[in-house]
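Let's take a quick tour of this model, from overall build to the packing inside. Have the viewer open as you read.

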Amino acid sequence: MKMHLDEKIWLTLSFGMIMIFMLITGYQTFAREMGPPSHKETIDPQKVDETAPFDEPGIKKIGENEYEVVMTLQLFSFTPQNIEIPKGATVHFIMTSKDVVHGFEVAGTNINAMVMPGYVQRISQTFDEAGEYLVICNEYCGAGHQMMSTTITVN
Ligand code: CUA
C-alpha cells in the first residue's frame, strides 16, 4: 500500500493525540485518583431496617473530629435529619435507599451521590468551613421530591 506523506503525518498526529489523551486519563485515574468510584456493596432493600448498620441510623463519633453518619433515604426524607458537626470534622456517610433512587447533594461541597435501593453508598467529606449546608435530593423520586431536604450544620 502506497501512502502519501500527508496521510502519514496526519495518521501519526492523530495516533499521537489518542495516546496523549489516554495517558492523561490514566494519570488522572490512577495517580490523582480522579476516576469514578468503583465501590460496590449490596443490601437487601426489603430488610434495610433489620440490616446493620442501617438498623441504627444516626451520627457516631469514631475518632478525633471524625464522624460516621449512617443514613437512610426514603420518600421523602433523610434519616437522621439536621446533622450537626464541629468545624473541621471529617464525616463518612454510609447511605442506602429504602424505596426508590434518591440523590444526596450537599450544596457548597463536592458531594453529589446517587443512592439506590439495594446498594450501599459511601462518601467522605471534611467540613472546614462553618455554616449551614443544605442537603437535597437531586433525583426525581415522586410527588414530594421537591420537599426532600435537610441540613448539615457545621459550627
Ligand atoms: Cu428523593 Cu427526590
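What share of the 155 residues in the protein chain is buried? It comes to 31%. Keep in mind that this is a predicted model.

As for the fold, the protein chain has one helix and ten strands. Going from the N terminus, the helix leads and the strands follow, in the order α-β-β-β-β-β-β-β-β-β-β. Of the contacts between residues at least 6 apart in sequence, 57% link residues at least 24 apart.

Here are the whole-chain numbers in one place.

| Property of the protein chain | Value |
|---|---|
| Radius of gyration | 22 Å |
| C-alpha box along the principal axes | roughly 70 × 35 × 30 Å |
| Exposed area | about 10,100 Å² |
| Gap between mean positions of positive and negative charges | 9 Å |

For scale, a compact globule of 155 residues would come out near 15 Å in radius of gyration. Carbon and sulfur atoms account for 56% of the exposed area. On the charge side, you have 10 positive and 19 negative charges.

Now for the inside. The largest nonpolar core holds 23 residues, and Ile 85, Phe 93, Phe 104, Phe 127 and Ile 152 have the most contacts within it. Strands that each give this core at least two residues include S2 (66-74), S5 (89-97) and S10 (149-154). A second core, separate from that one, has six residues, among them Ile 43, Val 48, Val 70 and Val 120.

Phe 93 is a handy residue to click on. Leaving aside residues up to four places away in sequence, Phe 93 touches Val 69, Ile 83, Phe 104, Ile 111, Gln 121, Arg 122, Ile 123, Phe 127 and Ile 152.

Note on methods:
Residues numbered from 1 in each chain as written. Predicted model: local features only at pLDDT ≥ 70, side-chain atom pairs only at ≥ 80, totals over all residues. Heavy atoms only, no water. Helix = DSSP H or I, 4+ residues; strand = E, 2+ residues; numbered from the N terminus. Rg over C-alpha atoms; globule rule 2.2 N^0.38 Å. Buried < 20%, exposed > 50% of the residue type's maximum accessible area, 1.4 Å probe, protein only. Contact = heavy atoms within 4.5 Å. Areas by Shrake-Rupley, 256 points an atom, 1.4 Å probe, with all protein chains shown as cover. Lys, Arg positive; Asp, Glu negative; His and termini not counted. Charge placed at Lys NZ, Arg CZ, Asp CG, Glu CD. Core = buried A, V, L, I, M, F, W, Y, C linked by side-chain atoms within 4.5 Å.
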